[in-house]
Amino acid sequence: MDEFKACNMLDYFPENILIDVLSYLSVRELVRAGRVCKRWKRLVKDQRLWRFVDLTAWKGVTSRILWLLLRQYLGCGLRCLRLRGLLLSARGGTFLSESWLKALSTKCPRLSKLYLLHADLRSLPSCQLLPPSLQVLELRGCELPREFFNQTLNSPACSQERAEATSSVGAQRQGRDRKGKGLGSPSGIGIGRLVLNNVPSFTDQHLQSLTSWERLSRLELRDTFRVTANGLRSSAAKDGVCGVEGLSRLKFLEIGITGRQGYQLQMASLGLGAGWLGLEELSLGGKEVGPGLLCASRLKDLKCLCLWACTLSEMQIVRSCRMLRGLRQLEFLDVIFQPRQCPPVVEGEGGGAVGGEEQDNEEAAGGDNSNDENKTLDMNDPIPSLRRSLAVLLPSCTLVFTNCSVQINAD
């Protein structure tokens, strides 16, 4: 009887509190909670519970389940959608169909971020089938077709526009339309941030296709082993015959190789040596840090530089930063610094200036062993010396050290 009364007490809770409680449930648990009663079924369909939908933890999500969620739960409140594909599943089958993506675009017009994990996208001819409201697209461990990032499709509307452009009257009309609509026309891809993480099928051809995107300002390439220096060099923003060519609107670029072994290192960051107009933020990680630092001096507009998941020496950093006078922020993330290599002290040469300074320091210390240990640690720790050196080279630059350490030699 007491349990029955406790269950009935939920009927007296305000709906806002119940929705807050339901927000802590996963998608699978939400669907099950909607089967309790009519009131809960109505509350579960509240769009405040479907703003950020994460289906990556729900293994075995098929197209049938996606249609069920889209028809009954997903709506105009959806902002972020995370999906796990069937690429590594023994079941296989088609995961994302053109009809489902079209229905998603119609029913969820405010979807701005899409994250796909282990999805086989080779059945889709182009990324233009994705919702046009997308601003962020993140792909991890996915398979892509060759022309996935191409801007144009062979549709009747596009062929009609080409036919109008061939005539003089049609060309003038199309020019006026472009001026009125601006660069962000509805027919173009509106994605501003593209993240590719461990996508082996991403090649230089895909990178070249991104040059037709008009709003792409952030590009993150992590463990994309088939991107070469020539591909990055040909896609870089540079002066051309008709103005700036390439990825001219790109402001942030990240290149990092930290993953699998056995792949031939392409050193794609060497493509930065040709320069990149308008690139303000650069992030280098893993095996791309060394080649990227050699070419970072060619980036005249660079303001922020981030180095992560690598091993560096103080001399390597100082030599690379001498030409980066316009740098405003330098960040080190998960970096292992090599210890400073001090010149050996030769015994019996006490008449030099160095020996005299050491003798004066020992007399001033008064034989304090703790101070000597602190001095030794400070001499081996490159971070304080690196701060002093960079403060002279880059006085207006902010240094950020996050989760960094110093390598300890066995000697």
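In the predicted model, Leu270 makes contacts beyond its neighbours within four places in sequence with Ala229, Arg233, Pro291 and Cys295. Leu270 itself lies in the loop that runs between β9 (252–257) and β10 (281–286), and its relative accessibility of 30% places this residue in the partly exposed class, since buried residues fall under 20% and exposed residues over 50%. Of the contact partners, Arg233 is separated from Leu270 by 37 residues in sequence, whereas the C-alpha atoms of the two residues are 8.2 Å apart in space.

Burial was also examined in helix α12 (residues 314–321), in which Glu314, Ile317, Val318, Ser320 and Cys321 are buried. These residues span an arc of only 165 degrees around the axis and therefore lie on the same side of α12. An α-helix has 3.6 residues a turn, so that residues three or four places apart point the same way. The cover over the buried residues of α12 includes the helices α11 (289–295) and α15 (382–393), together with the strands β11 (304–312) and β12 (329–337).

A further helix contact is formed by α5 (residues 63–72) and α6 (residues 98–107), whose axes come within 11 Å and cross at roughly 20 degrees. This angle means that α5 is roughly parallel to α6, and the crossing of the two helices is left-handed. On the α5 side, the contact involves Leu66, Trp67, Leu70, Arg71 and Gln72, which meet Ser99, Trp100, Ala103, Leu104 and Lys107 of α6. The residues of this contact comprise six nonpolar, two polar and two charged.

Methods. Residues numbered from 1 in each chain as written. Predicted model: local features only at pLDDT ≥ 70, side-chain atom pairs only at ≥ 80, totals over all residues. Heavy atoms only, no water. Axes fitted to C-alpha atoms, helices over the stretch in contact; angles between N-to-C directions. Helix = DSSP H or I, 4+ residues; strand = E, 2+ residues; numbered from the N terminus. Parallel < 35°, antiparallel > 145°, perpendicular 65-115°, else oblique. Left-handed = near helix turned anticlockwise from the far one by under 90°. Contact = heavy atoms within 4.5 Å. Nonpolar A, V, L, I, M, F, W, Y, C, P; charged D, E, K, R; others polar. Buried < 20%, exposed > 50% of the residue type's maximum accessible area, 1.4 Å probe, protein only. Arc of directions from axis to C-beta.
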